[in-house]
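Open the model in your viewer and keep the selection tool handy. We will go from stop to stop, and at each one you choose something and look around.

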Amino acid sequence: GQDLLNFINGDEDMPGRAIILTTDSGNTSQKSIPRMINVLKETNMHFHSFIWTKEMNEGESARCIDDNCWNTFRNAVSSGVFTIGSHTETHRDFGLVDTGEGLEELFLSKKEIEENLGIKINSISWPFEVCPYWAEDLHDMGYRYGFGGRSKPLYYCSVEKSDPNPWCLPRILPPNINGESGRPSGETLE
């Protein structure tokens, strides 16, 4: 995560053809995250995971008994192979949310992650790959970049050094089982 931020800021180069692996996670990730830790360590790779904070706290979900949900991400952080960011609290289309309401939610999501994991986060993955017009207002709260799906033409779907739009970095999403991606617009991976 810090290497990516340094690249976006123009302070550091990335290896040619580098790939940034990302995942959106939450209270359903208790089985996948531990498996990912092992694979990432074996392959000397790193993952950027964005946490959807809804129902992550004990008492909010039957999945999070004995603080299991946050413990999963504490283990991910301590493994050294994960960078953590926010995927919001409500997982709604933030293109339809006004500035004040959006900033309040993202402040609370960031605070919840930081208090439960004991780390500072500076990134977001926008639900439904929709970057709101007010995204750069997150800078004052400590966010520095965000991922927003196909924010550039597919043939140029990459993060640039000193990227002019760090709040809506491109992301290529894998297809669903039927060969289509649920985002954006049900297109195939091709």
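This tour of a predicted model visits a strand, a helix, the nonpolar cores and some salt bridges.

**Stop 1: strand S3**

Select residues 82–86, which make up strand S3. Are the residues of this strand buried or exposed? Five of its five residues are buried, so S3 is mostly covered. Colour Phe82, Ile84 and Ser86 to mark one face, then Thr83 and Gly85 to mark the other; both faces are covered.

Now add strand S2, residues 47–51. S2 and S3 run parallel to each other and pair over five bridges. To see one pairing, pick isoleucine 51, whose bridge partner in S3 is serine 86. Then follow the chain from S2 through H3 to S3: this β-α-β crossover is right-handed.

**Stop 2: helix H3**

Stay with that connecting helix and select 68–79, which is H3. H3 has twelve residues, and from its first C-alpha to its last it reaches 16 Å, close to the 16 Å expected at 1.5 Å a residue.

Which residues of H3 are buried? They are Cys69, Trp70, Thr72, Phe73, Ala76 and Ser79. Show their side chains and look at what surrounds them: these buried residues pack against strand S1 (22–25), H2, S2, S3 and H4. Just after the helix comes glycine 80, with a positive phi near 85 degrees.

**Stop 3: the nonpolar cores**

Next, select Ile51, Phe82, Ile84, Leu106, Trp126, Leu138 and Tyr143. The largest nonpolar core has 30 residues, and these seven touch the most other members. Helix H2 (32–43), S2, H3, S3 and helix H4 (99–117) each give two or more residues to this core.

Zoom in on isoleucine 84. What does it touch, leaving aside residues up to four places away in sequence? Its contacts are His48, Ser49, Ile51, Phe73, Val77, Ile113, Leu117, Ile119, Ile121 and Ser123.

Then move to a second core, separate from the one above and made of nine residues. Select Ile8, Phe50, Phe147 and Leu169, which are among its members.

**Stop 4: salt bridges**

Side chains of opposite charge can pair when their charged atoms come close. A search of the whole structure finds nine salt bridges, and we will visit some of them.

Begin with arginine 92 and glutamate 105, whose closest N and O atoms are 2.9 Å apart. Arginine 92 sits in the loop between S3 and H4 while glutamate 105 is in helix H4, so this pair ties together parts that are 13 residues apart in sequence. Arginine 92 is partly exposed at 26% relative accessibility, whereas glutamate 105 is buried at 8%.

Stay in H4 and select glutamate 115 and lysine 111, a salt bridge with its closest N and O atoms 4.0 Å apart. Because they are four residues apart in helix H4, about one helical turn separates them. Glutamate 115 is exposed, with a relative accessible area of 59%, and lysine 111 is partly exposed at 39%.

Now try lysine 120 with glutamate 114, where the closest N and O atoms are also 4.0 Å apart. Lysine 120 is exposed at 71% relative accessibility, but glutamate 114 is buried, with a relative accessible area of 16%.

For the last stop, select Asp24, Glu129 and Arg171 together. These residues are linked in a network of salt bridges.

Terms used:
Residues numbered from 1 in each chain as written. Predicted model: local features only at pLDDT ≥ 70, side-chain atom pairs only at ≥ 80, totals over all residues. Heavy atoms only, no water. Core = buried A, V, L, I, M, F, W, Y, C linked by side-chain atoms within 4.5 Å. Buried < 20%, exposed > 50% of the residue type's maximum accessible area, 1.4 Å probe, protein only. Contact = heavy atoms within 4.5 Å. Salt bridge = Lys/Arg side-chain N within 4 Å of Asp/Glu carboxyl O. Pairing = 2+ DSSP bridges. Right-handed = clockwise from strand over helix to strand, strands pointing away. Expected span 1.5 Å × (residues − 1).
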